[in-house]
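User: Please take a close look at one helix pair in this model. Then set that pair in the context of the chain and a few single residues.

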Amino acid sequence: MAIRQLSETLINQIAAGEVIERPASAAKELIENALDAGATRIEIATSGGGKALLRVSDNGSGMDAADLELAVRRHCTSKISETLEDIRTLGFRGEALPSIGSVARLSIASRRRDSAGGHEIAVAGGKIAHLRPAAANPGTIVEVRDLFFATPARLKFLKTEKAEAGAITEIVKRMAIAFPAVRFVLSGSDRTTLEFPATGDDHLARMAQVLGKEFRDNAIALDAMREEIALTGFAGVPTFNRGNSAHQYAFVNGRPVQDKLILSAIRGAYAETIPSGRHPVAVLSIALDPGLVDVNVHPAKSDVRFRDPGLVRGLIVGAIREALARDGSRAATTGANDMLRSFRPGFQPHAQRPQTPWSAETSPSRPYQPTTGFGERPQASFDGLSMPAARAEPQFSPQPAAAEPNARYPLGAARAQIHANYIVAQTEDGLVIVDQHAAHERLVFEAMRKALHSKRLASQVLLIPEIIDIPEEDCDRLMQHAAELSELGLAIERFGPGAIAVRETPAMLGEVDAHGLIRQLADEIAEWDTASGLSAKLEYVAATMACHGSVRSGRRLRPEEMNALLREMEVTPGSGQCNHGRPTYIELKLSDIERLFGRS
């Protein structure tokens, strides 16, 4: 078969298969062009999920007649010249407009600010129409109709109109987060109008527009730098999580990307703090020399390749973990809201409206006085357990935290234990409910993690070794890592073909369910085991051991034990969630309690 040169139209259609995968891809390319043109207002309109109509209007620099004629031809661009090593714009390949024009009906109307009039050019199925004058405001309007009409087979692979419209919405959200100084409006017959007013340099305000106002209350600022690579942004507290990773946004030099390295680093940073199947909320912005990153990995430009990926991953993991250690132990504000929603008001008899003028002193629903804590008279009996009196020697940690005489305690003083599982503590402006098992599990894990980097954990010798019968292959796996487990204070020996003898357990765990611990460790090692051994998984093993050795649900605690647990939580990183990512406490402010009783 003879080799022949493909036609320009067919070449463009092949390129369109990589650049324009769906309507959202076209929207992304057109919005990037508008941003590169310096637009401060971008309006996107769609119909039929973007398949019938996609219009992007901007107030950018615009194009003259000569630029328009070149813009619809392949590999014509104003953004690069001779090298790919210093790319500072979102677009640079010169493929988007000709690719769209080869598979759809494309029209572009544009006018420069200093021009008296504008011009328009159209492309349909790869055929370019003659340029003609047109009335236009300064800026550019790009209209795409009947996407993929020239390649009908491509239409079969598109999703429903609703799904395609949702994908365009997601693209606009990512662009809006990356460029808070730009106003975005998304409208059309297939959607409700979505508007993101410009917020200037206030990135967090724009994130609140996109991710919801709750993100502002549950976000921790990130600001780190390593070897001229800067990382900024916000990471949500671990207890503020979602059911998928769609709320993780990453930007490299202002470019929205969906890079596997970055997403993997986010997962690693939140390891042991978020439940299985849940995902953190984070917005990360990486700034580095353009020569240190390759954005030309794929025509869609959503993937990047770093010259030093290990450095970038270490920066992300380190910055997020440092932020979580600094401020991530607090409970998410959504916890209290979820708790309030779980209450259902019972029967409330109709209250007759008072005939006399309202008075704060005589009203049966007089407001609380937050400046005095729980200001009601019956609370006077608790005066002996005021904040300074909440000091107690910790009963759970080998290294108790010292309490200062006039220290303030964010988690308050223990007032009661409910159902032998939950501690109720009174704070200065509300109350806290603590899951005693989840909280102590986190404390033990952090103590074990700290000890891992210093010396072998202290162990306690069992008077009579515990013999655990497990399959022979599990015995083999455990014995291969006996030395590593010994570093955690767990000493095991082989006891026949299908049994393990436990001779020592970590001292800090107290009484341990050795049978359950060994069986769970065997299962986890079977899943993790690689040629590199268990050394990289010691923290996961420590988390498993902490769970088996923590204060169990159902154990009654003395007041001094409850207060000791609270004091330890206040000084322990990540104490807001257990090793499995569940919250360890929920805080209710007085304002929340007043809402329950209709007093606010």
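Analyst: The helix pair comes after a short note on the model, and single residues follow.

This is a predicted model, in which local features need pLDDT of at least 70, side-chain atom pairs count only at pLDDT 80 or more, and totals for chains, interfaces and linings use all residues. Residues are numbered from 1 along each chain as its sequence is written, and side-chain values use heavy atoms, with hydrogens and water left out.

The protein chain has 18 helices and 25 strands. Helices (H or I, at least four residues) and strands (E, at least two) are DSSP runs, numbered from the N terminus. Of the 600 residues in the protein chain, 46% are buried. Buried means under 20% relative accessible area, exposed means over 50%, and partly exposed lies in between (1.4 Å probe, protein chains only). Among contacts in the protein chain with a separation of 6 or more, 71% link residues 24 or more positions apart. A contact means heavy atoms within 4.5 Å.

Now the pair. Helix 6 spans residues 161-178, and helix 7 spans residues 203-211. Their axes come within 9 Å and cross at roughly 165°. That makes helix 6 roughly antiparallel to helix 7. Axes are lines fitted to C-alpha atoms, for helices over the stretch in contact, and angles run from 0 to 180 degrees between N-to-C directions. Angles under 35 degrees count as roughly parallel, over 145 as roughly antiparallel, 65 to 115 as roughly perpendicular and the rest as oblique. The crossing of helix 6 and helix 7 is right-handed. The term right-handed applies if the near helix is turned clockwise from the far one by less than a right angle, and left-handed if anticlockwise.

Helix 6 brings Lys173, Ala176 and Ile177 to the contact. Helix 7 brings His203, Arg206, Met207 and Val210. By class, the residues of this contact are four nonpolar, one polar and two charged. Ala, Val, Leu, Ile, Met, Phe, Trp, Tyr, Cys and Pro count as nonpolar, Asp, Glu, Lys and Arg as charged, and the others, Gly among them, as polar.

Next, two residues with polar contacts. Asn218 sits in the loop between helix 8 (213-217) and strand 10 (219-226). Asn218 is buried, at 0% relative accessible area. Its side chain reaches the backbone oxygen of Glu214 at 2.8 Å. Gln426 belongs to strand 20 (residues 422-427). Gln426 is buried too, at 13%. A polar contact of 3.1 Å joins its side chain to that of Arg415. A polar contact is a pair of N or O atoms within 3.5 Å; within protein, one must be able to donate a hydrogen and the other to accept it, and residues adjacent in sequence count only if both atoms are side-chain atoms.

Two residues have positive phi without being glycine. Phe148 has phi near 70°. It lies in the loop between strand 7 (139-145) and helix 5 (152-155), and is buried at 1%. Glu227 has phi of about 50°. It lies in the loop between strand 10 and strand 11 (229-236), and is exposed at 61%.

Last, Ile500 in strand 24 (residues 499-506). Ile500 is buried, with 0% relative accessibility. Beyond neighbours within four places in sequence, its contacts include Ile467, Leu478, Ile492 and Phe495. Ile500 and Leu478 are 22 residues apart in sequence and 8.6 Å apart in space, C-alpha to C-alpha.
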